[in-house]
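I opened this entry to record a few local features looked up in the structure. The topics are cysteines, one lysine and one helix pair.

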Amino acid sequence: MKVSYFPGCTLRTKAVELDRYARASAKALGVELCEVDDWQCCGGVFVSAKDEIASKLSSVRALVCARDRGTPLVSVCSACHNVIKQTEHAVSTDVTFAERVNNYMAQDREPKAPYYGGVKVIHYLELLRDIIGFDKIKAAVKNPLTGKRIAAYYGCMLLRPGKVMELDDVENPKVMEQLITALGGEPVVYPMRNECCGGYTLLEDRQAALSRAAEIGESAAGHGADMIVTACPLCKYNLEKSGGELPTVYFTELLAETLGVKEEADADKR
């Protein structure tokens, strides 16, 4: 099976492990991640101002690429997924926004057909849950996470706004816990798993962001977790800086480890 894949710029720099293990794991599970053509940074955050169009064009071009290929569009970075999913929603539901986007796109050197929505945008976790299926993943596990108590950290961008993202229940998400169970680990449910880590306030109020991250780490540790897993590069950075003693890893690393492809992926890096 082939899907279009938007890696995003952070996965080329600070979050290469998130990308590397995602690709290796998808391959092991029979899915080919086909990178979209000539992608650019998603913008990092979805600007809610309706008259701000330019920062969303990268997402629209990725959507056009997926449309022309006839595939869903998959991302693994929480921020990239949030921006692309919200852009798809805006194009599909706001006629004025769609017209402005297409006026911009018509000026491209080789313009594509106008885009008015319709591409299925899914996060890598949805690929695992809804397309591959956790039963198949469980059957493919070679190195189960037996005895490991793992706290999933969702953060805010993966889940909100809930009516647009539609990835899981905003207040009581389960997809990462279900994945941890399929991989043989014991999921730890704790109060702050879907709270914001404060990462976007680092430049404005560094201490507030680090204090927020510390609360999350303490909450996970207090409920008996051995580690934290996340899908967001910014959350991982913030938790590592002030999230306490628990290690924070990408969920794709655990997936690659259990599927027996982590060492091969690391060797390819070298």
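How far is the sulfur of cysteine 197 from the closest cysteine sulfur, and in which residue does that sulfur lie? I note at the outset that the model is predicted. I found the closest sulfur in cysteine 235, 3.8 Å from that of cysteine 197 and too far for a bond. A disulfide requires the two sulfur atoms to be within 2.5 Å. By this rule I count 0 disulfides.

I then looked up cysteine 232. Its nearest cysteine sulfur is also that of cysteine 235, at 3.5 Å, and cysteine 232 is in no disulfide. For accessibility, I recorded cysteine 197 as buried, at 3% relative accessibility. Cysteine 232 is buried as well, with a relative accessible area of 5%.

Next entry: lysine 236. I located lysine 236 in helix α10, which spans residues 233-242. Is lysine 236 buried or exposed? Its relative accessible area is 14%, so I entered it as buried, the cut-off being under 20%. Leaving aside residues up to four places away in sequence, I listed Thr230, Thr248, Val249 and Tyr250 as the residues that lysine 236 touches.

Last entry: a helix pair. I looked up helix α2 (residues 57-69) against helix α4 (residues 95-105); their axes come within 11 Å and cross at roughly 80°. I therefore describe α2 as roughly perpendicular to α4. On the α2 side I noted Leu57, Val60, Arg61 and Val64, which meet Val101, Tyr104 and Met105 of α4. By class, the residues of this contact are 6 nonpolar, no polar and 1 charged.

Definitions and conventions:
Residues are numbered from 1 along each chain as its sequence is written. This is a predicted model: local features need pLDDT of at least 70, side-chain atom pairs count only at pLDDT 80 or more; totals for chains, interfaces and linings use all residues. Side-chain values use heavy atoms; hydrogens and water are left out. Axes are lines fitted to C-alpha atoms, for helices over the stretch in contact, and angles run from 0 to 180 degrees between N-to-C directions. Helices (H or I, at least four residues) and strands (E, at least two) are DSSP runs, numbered from the N terminus. Angles under 35 degrees count as roughly parallel, over 145 as roughly antiparallel, 65 to 115 as roughly perpendicular and the rest as oblique. Contact means heavy atoms within 4.5 Å. Ala, Val, Leu, Ile, Met, Phe, Trp, Tyr, Cys and Pro count as nonpolar, Asp, Glu, Lys and Arg as charged, and the others, Gly among them, as polar. Buried means under 20% relative accessible area, exposed over 50%, partly exposed in between (1.4 Å probe, protein chains only).
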